[in-house]
Amino acid sequence: MASSRREGSEKIVVDSIHGDVHLTECELKIIDTGSFQRLRNLKQLAMSQMAYPNATHTRFAHSIGVLAIMERITKIAKESGQIKLTKNQEENLRLAALLHDIGHYPYSHLMERIDNVKLIEEQAEGVEEVGKALDRSGIPYPEHDLVGTYIVTMQSDLVDALGGKKRANAVANLFGPKRPTGSEISLQLSMLVHSSLDMDRLDYLLRDSQATGVPYGQIDINYLLNNLKVSPSGRVGISEKAMPAAEQFLLARFFMHRTVYYHKTTFGIEEVCRQLLRRLRDQGKYEIPKDGNKIRSLVTSEALGTFTDAYVDQVIQKAVNDNDRVIQALAKSIQKRRPPKLLAEVNVLVSSEEPGRPHKGTIFTLNCRHKLRQLADDFNIPLQQFILCETPPLRLEKRGRMIAVEEAKSANLNEEEELIKVFVRGEEEPKSLVEIPFSLVSRCAGLFFQSFRLYVVYEGEDKDSIITRLRETIKDWDKG
């Protein structure tokens with residue numbers, strides 16, 4: 001992001017993706033707070049720089065970029081008359097765009113998700129859940145959007161910059177887990193910040209693609225934004241002629257996940273870090289917050305500014321000298337950029353309409369759980385240095401009918417509203433893209449991709465021969 005300049009009474013910053021971004025006086029005050037400046041020290045792509053050296057851009061730059069897109073949206077709304085916004089709605093939307101990532105943890109999603117980590121000894125012993133650890137540590141870590149609402153409504157510098165608690169709550173409701181209640185248009189406006197086709201995704205695909213040098217994230221953002229429409233009831237969607245751009249956007253997101261976000265090196269070293277943090281937290285070492293209550297206390301205190309990537313880096317540095325052999329090995333893997341070795345990877349593309357049906361991935365996982373303890377003994381490698389993990393299921397788009405009612409309730413919004421909507425010719429109200437029979441996405445929405453992986457952290461002098469023998473031993477573990 002280039003240096004800023006003033007034109008009249010407003011501030012302009014120059015962004016590498018979107019060009020000039022015009023800031024209001026309130027937005028400038030927010031950016032200048034210590035709470036917002038913390039985002040300069042959070043990498044957008046966590047540890048992806050281990051595989052893509054230039055992927056060092058920050059949540060700060062991304063947040064400015066999302067504001068830039070929202071600026072374009074509100075301008076289009078005014079010029080077209082399609083989306084009627086009051087001055088207050090427009091200002092709050094811009095503020096929500098700017099603040100939507102304020103609650104991210106160090107290394108973004110990495111630390112946020114350590115409650116979901118399954119340690120290898122738990123899996124090998126047949127423990128289905130990590131409940132034992134959660135019983136010791138209390139409530140799970142809150143998701144970053146909820147953490148964001150804590151920060152926006154409870155950090156005095158942001159509350160003051162926003163002009164008081166009332167507005168802080170209104171803005172937090174636009175990006176937080178609790179969506180606005182009342183008018184349909186209020187809900188639809190919040191979808192511009194959080195949905196399948198939202199400002200967040202539109203920016204990060206372009207920004208991450210540029211930073212990594214991977215072309216798959218390039219999308220036709222101009223055509224998508226210029227074809228936004230609103231129905232008589234206030235539902236926001238795109239015109240039918242923009243369907244190819246929307247489909248390409250979903251494909252871009254799919255392939256960026258496969259290529260960048262789930263890259264074997266990045267995903268492996270991040271999983272090592274998650275497991276390291278989980279083990280340290282379970283053992284009460286290095287003052288890692290023990291539960292969600294401690295996270296809330298931290299982010300609403302003056303210590304928020306220390307909760308950056310450096311927070312985790314310092315933990316890793318201490319763990320390198322830990323007296324626990326496994327913890328030391330995991331920490332050195334990260335510190336010295338010695339990623340875990342991928343022993344096996346099983347990729348599947350399966351139907352979400354047949355839950356529970358066995359496939360190569362589930363067979364591989366089952367064999368790992370049954371055989372890994374013996375494998376570790378045979379090769380004299382601590383079981384805890386094996387990393388058995390799976391990528392989250394990756395879909396082009398969910399089918400509305402596949403979303404569980406319980407899931408929607410727990411998220412406190414109707415997930416059907418998060419799907420991309422299209423105005424088909426001759427109809428006043430838009431349909432979900434997955435409901436349109438001539439859409440490629442509708443044909444693929446019932447499928448998901450997933451990768452099942454087994455890594456090992458091992459740095460012995462005989463590393464090359466050991467890794468070769470391990471791969472040979474487990475090469476058929478995906479077969480029944």
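The following questions and answers explain some of the terms applied to this predicted model.

User: Why is the pair of Y204 and Y261 called edge-to-face?

Analyst: By the pairing rule, the count comes to nine aromatic pairs. In the pair of Y204 and Y261, the ring centres are 6.2 Å apart and the planes make 80 degrees. Centres must lie within 6.5 Å to pair, and planes over 60 degrees apart count as edge-to-face, so both conditions hold. The two residues come from distant parts of the chain: Y204 is in helix α12 and Y261 in helix α14, 57 residues apart. Both Y204 and Y261 are buried.

User: What makes the pair of Y216 and F255 tilted?

Analyst: For Y216 and F255, the distance is 6.4 Å centre to centre and the angle between the planes is 50 degrees. Stacked needs under 30 degrees and edge-to-face needs over 60, so this pair falls into the remaining class, tilted. Y216 lies in the loop between α12 and α13 and F255 in helix α14, so the pair ties together parts 39 residues apart in sequence.

User: Are Y216 and F255 buried, exposed or partly exposed, and why?

Analyst: Y216 has a relative accessibility of 43%, and F255 has a relative accessible area of 38%. Buried means under 20% and exposed means over 50%. Y216 therefore counts as partly exposed, and F255 is likewise partly exposed.

User: How do you know that R258 lies over the face of F449?

Analyst: R258 is 4.0 Å from the ring centre of F449. The distance limit is 6 Å, and the charge must also be within 35 degrees of the ring normal. R258 is listed as lying over the face of F449, so it satisfies both parts of the rule. Another case is K229, whose charged end sits over the ring of F423 at 5.0 Å from the centre.

User: Why are β7 and β10 said to pair?

Analyst: Two strands pair if there are at least two bridges between them; five bridges join β7 to β10, so the condition is met. These two strands run antiparallel. One of the matched positions is F386, whose bridge partner in β10 is V456. On the β6 side, 10 bridges join β6 to β10, again antiparallel. There, L342 stands opposite Y455 in β10.

User: What makes β6 and β7 edge strands?

Analyst: The open sheet has three strands in the order β6-β10-β7. β6 and β7 each pair on one side only. On average, neighbouring strands of this sheet are turned by 10 degrees against each other, direction ignored. Helix α15 packs on the sheet and touches β6, β7 and β10; its direction makes about 115 degrees with that of β7. Helix α22 also touches β6, β7 and β10, with its direction at about 30 degrees to that of β6.

User: Why is β7 described as largely enclosed?

Analyst: Strand β7 covers residues 386–390, and four of these five residues are buried, so the strand is largely enclosed by the rest of the structure.

User: Which residues touch the most other members of the largest nonpolar core?

Analyst: In this core of 121 residues, they are I30 and L99. Helix α14 gives the most to the core, with 10 residues. Leaving out residues up to four places away in sequence, I30 touches F36, L95, L98, L99, L158, A161 and L162. A second, separate core has 27 residues, among them A376, L454, Y458 and W477.

Definitions and conventions. Residues are numbered from 1 along each chain as its sequence is written. This is a predicted model: local features need pLDDT of at least 70, side-chain atom pairs count only at pLDDT 80 or more; totals for chains, interfaces and linings use all residues. Side-chain values use heavy atoms; hydrogens and water are left out. Buried means under 20% relative accessible area, exposed over 50%, partly exposed in between (1.4 Å probe, protein chains only). Helices (H or I, at least four residues) and strands (E, at least two) are DSSP runs, numbered from the N terminus. Rings of Phe, Tyr and Trp (its six-membered ring) pair if their centres lie within 6.5 Å; planes under 30 degrees apart count as stacked, over 60 as edge-to-face and the rest as tilted. Axes are lines fitted to C-alpha atoms, for helices over the stretch in contact, and angles run from 0 to 180 degrees between N-to-C directions. Contact means heavy atoms within 4.5 Å. A nonpolar core is a set of buried Ala, Val, Leu, Ile, Met, Phe, Trp, Tyr and Cys residues joined through side-chain atoms within 4.5 Å.
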